[in-house]
Amino acid sequence: MLLNYNKGQIIQYRCPKCFNNEAVVLKAEDKDFTEKTAGVLWVQCQECGFNDNVLLPAKDFA
Ligand SMILES: [Zn+2]
């Protein structure tokens with residue numbers, strides 16, 4: 001399975017610190033496919049630089 005995300009891509013993401021709506025993808029990682037989680041995105045807020053990771057729901061890949 002290949003995630004449809006690339007390093008440097010801008011995604012919709014609500015930053016919990018500054019509430020900016022966009023973040024840049026640092027890394028996309030495949031996870032062992034389970035019912036709930038198919039992958040993890042490591043993202044960084046474009047506004048304040050806050051780093052976070054986002055679990056990608058398996059349904060996005062169904
Ligand atoms: Zn932010």
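**A four-stranded sheet and its core**

Cys45 is buried, because 21 other C-beta atoms lie within 10 Å, and the cut-off for a buried residue is 20 or more. This result, like those that follow, comes from a predicted model. Cys45 has its place in strand 3. Leaving aside residues up to four places away in sequence, Cys45 touches Cys15, Lys17, Cys18, Asn20, Ala23 and Phe50. Glu22 is 23 residues from Cys45 in sequence. In space, the C-alpha atoms of Cys45 and Glu22 are 6.5 Å apart.

The overall layout was examined next. The protein chain contains 0 helices and 4 strands. Along the sequence, the pattern reads β-β-β-β. The strands form an open sheet in the order 1-2-3-4, and the pairing is antiparallel. Strand 1 and strand 4 are the edge strands, each of them paired on one side only. On average, neighbouring strands of this sheet are turned by 50 degrees against each other, direction ignored.

The pairings can be followed in strand order. Strand 1 covers residues 10-12. Strand 1 pairs with strand 2 in the antiparallel sense, over 3 bridges. Ile10 has Val24 of strand 2 as its bridge partner. For Ile11, the bridge partner in strand 2 is Ala23.

Strand 2 spans residues 22-30, and strand 3 spans residues 37-45. These two strands also pair in the antiparallel sense, here over 7 bridges. Val24 has Gln44 of strand 3 as its bridge partner. Val24 is thus named in two bridges: one with Ile10, the other with Gln44.

Strand 4 takes in residues 51-57. Strand 3 and strand 4 pair over 7 bridges, again in the antiparallel sense. In this pairing, Thr37 of strand 3 has Pro57 of strand 4 as its bridge partner. Strand 3 and strand 4 form a hairpin, with 5 residues between them. Gly49 lies in the turn and has a positive phi of about 80 degrees.

Cys48 is found in the loop between strand 3 and strand 4. Is Cys48 buried or exposed? Cys48 is exposed, because 11 other C-beta atoms lie within 10 Å, and a residue with 12 or fewer counts as exposed. Cys48 touches Cys15, Lys17, Cys18 and Asn20, not counting residues up to four places away in sequence. Each of these four residues is also touched by Cys45. Phe19 is 29 residues from Cys48 in sequence, with a C-alpha to C-alpha separation of 9.5 Å.

Pro57 is located in strand 4. With 13 C-beta neighbours inside 10 Å, Pro57 is counted as partly exposed. Pro57 touches Lys36 and Ala38, again not counting residues up to four places away in sequence. Glu35 is 22 residues from Pro57 in sequence. The C-alpha atoms of Pro57 and Glu35 are 8.3 Å apart in space.

Burial was then considered for the chain as a whole. The protein chain has 62 residues, and buried residues make up 15% of them. In soluble globular proteins, nonpolar side chains tend to be buried together. Which residues make up the largest nonpolar core? This core has 8 residues in all: Tyr13, Ala23, Ala28, Ala38, Leu41, Val43, Cys45 and Leu56. Strand 2 and strand 3 are the elements that give two or more residues to this core. Strand 3 supplies the largest share, 4 residues.

Several core members appear in the results above. Ala23 is the bridge partner of Ile11, and Ala23 is also touched by Cys45. Ala38 is touched by Pro57. Cys45 itself belongs to the core.

Contacts along the chain complete the description. Among contacts between residues at least 6 apart in sequence, 29% join residues at least 24 apart. One contact of Cys48 is with Cys15, and Cys45 touches Cys15 too.

Terms used: Residues are numbered from 1 along each chain as its sequence is written. This is a predicted model: local features need pLDDT of at least 70, side-chain atom pairs count only at pLDDT 80 or more; totals for chains, interfaces and linings use all residues. Two strands pair if DSSP finds at least two bridges between them. Axes are lines fitted to C-alpha atoms, for helices over the stretch in contact, and angles run from 0 to 180 degrees between N-to-C directions. Two residues are in contact if their C-beta atoms, placed from the backbone, lie within 7 Å. A nonpolar core is a set of buried Ala, Val, Leu, Ile, Met, Phe, Trp, Tyr and Cys residues joined through C-beta atoms within 7 Å.
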